[in-house]
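Here are my notes on the model you sent round. They are in numbered points, to be read beside the structure.

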Amino acid sequence: MEQPLLAEPELPVPRMMAHEDVVRLHRDFQQIADPNSPELSFSWCAGPAVKHIYTGVAFGMIMHAILYRWSVATAQCDSVDDTGIATPARFLYAVVLVQAFVQLFLEFRVFQYSSIPYIQTMQHWTFMRCRIPAKLWLSLAMCNSILQTVNQGGDSLFAGTVLRTHTSCPQKVFDCCWTASLDRSMFVHSAAKGDFGTFAVAVVMVWLIGWARYVVPLAFCLPEPSFLRRMFSLRVLTIDEVRQEISGQGVEERTRFRVACREQKITVGDPLHTLAECLGMSALTWQAILFGVAREEKIRGRLNDQDNAEQQIDNYRRRIDLLLMTTKRVLIRVFCSAFCRSGLLIQCQISVLALNRASVNKLQPFLLGKILLSLFLLAPDMQAAYAFRRSSAEVVRLCDPRHLSSQIMGAANATARAKDKAAAVNKLYEQLVSMRWWLGVAQAACAVTIVLALVKLLAATVLCPHGVWDLGSGCVDVDRCLAGSSRVP
């Protein structure tokens, strides 16, 4: 007779937040776990979640390409003479919502396999530095995920409508306003100035650059074709398989696979947080930011100060590897998602919003809502990156292996193997410090982009009579473009 599942009060998470296979493994593992190390590993639980995360990436890329193509084909031109920007067909909004809820379903399925390992390490649910109940945390994360998917779909619609405006809609006033703003610009060389068609192509290029949010994470964890064939058969490990993993006798194919473009293997749990960044899956990305720091602190608390120098070097490597992986995830989130996708496209969207106001004397609701949503969603990303960088600063300092390495290098009885390990760990630590520096640069670039976007938005909606503004010359006079047009002053 099958034993009943563990009662809810004994679970570290509410029952709905954990898959029954993970609950069963958690119940069995507590009977054999070391009291000093009672946490489940992501690699033991994440097997079935891998197929959902890769399915989500493939689905997201296909849907954004479809939205862009349909937007180019169906965006509707305004009936006003010398019109402004085209508007997306209404059915495309429904397509974006369908995509958002499909992605939400996949995210929840992945989250059910990672919730217990996460909370066993973190001990509490945190949102914007505040501890909140688990169900409230999950509700906020799921709402944010829907908004993230809607925002990404809006980027695809925007790129398509701009290209549609250039190819199919009357643009006499629109082109004139664009040329007038370039003529006043201090930052655009005269040889580089062109009509709105040049700008439309640039917008599509910026949208394509935003696809770095898919390309870069996939470069870190795209599996070899042989893994794809067995990916759908992966499952949560049984307690006997976990015993084998702990003893070092486990079958490697259960928990690890080789990356296609790099000569190394990663665990099946690694793609969860890395690929969740490109999909905007908040229930997973909110876990990833501070999880690495908390995990490193637990590892450091269990280390034995009596270990010999070579064992201590191995411990340093484990800790640095963990922090390096987490820093890569945060850097991908800030650079690819916040800067390339949102930051650059926001600048283009505000420029089009201003030109539309100048040419037809109105603010397009789609564009204004899209800009405000993008700015709203940038705030949690920037706050999380700042919190990680601040909380990990002391941890990184404690992980500095250079003093111990210099002792090993200078020891007369040190083996060649120990010296090689010390040199490798030193290089790894230097890579971590360098990556944290680049993270600071990416954060600064995002901050500058956000400030500039806020100034441009204020000028486009309130400060400038016609909405057109340039950083070097201020509000742009477009009266000559409006003379003889059907625009109502």
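1. Start with H19. Leaving aside neighbours within four places in sequence, H19 is in contact with R109, Q112 and Y113. This histidine sits in the segment before α1 (20-32). Buried or exposed: how does H19 count? H19 counts as buried, because its relative accessibility is 12% and the cut-off for buried is under 20%. A polar atom of the H19 side chain also lies 3.0 Å from the backbone nitrogen of D21.

2. A word on confidence. This is a predicted model. The mean pLDDT of the protein is 77, and 82% of its residues reach 70 or more. Helix α3 (residues 47-74) has the highest confidence, at a mean of 90. Helix α15 (residues 402-410) has the lowest, at 63. Over residues 1-9, pLDDT stays under 50. For that stretch the model has 15 contacts beyond four places in sequence.

3. Overall make-up. The protein has 17 helices and six strands. Of its 489 residues, 53% are buried. The exposed surface is about 21800 Å², and carbon and sulfur atoms supply 60% of it. Take the contacts between residues at least 6 apart in sequence: 78% of them join residues at least 24 apart.

4. The nonpolar core. The largest one has 133 residues. Which members touch the most other members? They are I53, W125, W137 and F158. Helix α13 gives the most to this core, with 20 residues. For F158, contacts outside its neighbours within four places in sequence are V203, L345, C348, Q349, V352, F366 and L367.

5. C336 in α13. This cysteine is found in helix α13 (residues 309-360). C336 is buried, because its relative accessible area is 2%, set against a cut-off of under 20%. Not counting residues up to four places away in sequence, C336 touches A212, R213, V216, L331 and R341. V215 is 121 residues away from C336 along the chain, yet their C-alpha atoms are separated by 9.3 Å.

6. Aromatic pairs, first example. The structure holds twelve aromatic pairs. One of them is Y118 with W137, a stacked pair at 6.2 Å centre to centre and 25° between the planes. Why does this pair tie together separate parts of the chain? Y118 lies in helix α4 (residues 90-122) and W137 in helix α5 (residues 134-168), so the pair joins parts that are 19 residues apart in sequence. Both Y118 and W137 are buried. W137 is also among the core residues that touch the most other members.

7. Aromatic pairs, second example. W211 and Y214 form a tilted pair, at 5.6 Å centre to centre and 55° between the planes. W211 counts as buried, because its relative accessibility is 16%, and the cut-off is under 20%. Y214 also counts as buried, at 0% relative accessibility. Which residues do ring pairs link into a cluster here? The cluster holds Y68, W207, W211 and Y214.

Methods: Residues are numbered from 1 along each chain as its sequence is written. This is a predicted model: local features need pLDDT of at least 70, side-chain atom pairs count only at pLDDT 80 or more; totals for chains, interfaces and linings use all residues. Side-chain values use heavy atoms; hydrogens and water are left out. pLDDT is the predictor's confidence in each residue, from 0 to 100. Helices (H or I, at least four residues) and strands (E, at least two) are DSSP runs, numbered from the N terminus. Contact means heavy atoms within 4.5 Å. Buried means under 20% relative accessible area, exposed over 50%, partly exposed in between (1.4 Å probe, protein chains only). Accessible areas come from the Shrake-Rupley method with a 1.4 Å probe; for residues, only the protein chains shown count as cover. A nonpolar core is a set of buried Ala, Val, Leu, Ile, Met, Phe, Trp, Tyr and Cys residues joined through side-chain atoms within 4.5 Å. Rings of Phe, Tyr and Trp (its six-membered ring) pair if their centres lie within 6.5 Å; planes under 30 degrees apart count as stacked, over 60 as edge-to-face and the rest as tilted. A polar contact is a pair of N or O atoms within 3.5 Å; within protein, one must be able to donate a hydrogen and the other to accept it, and residues adjacent in sequence count only if both atoms are side-chain atoms.
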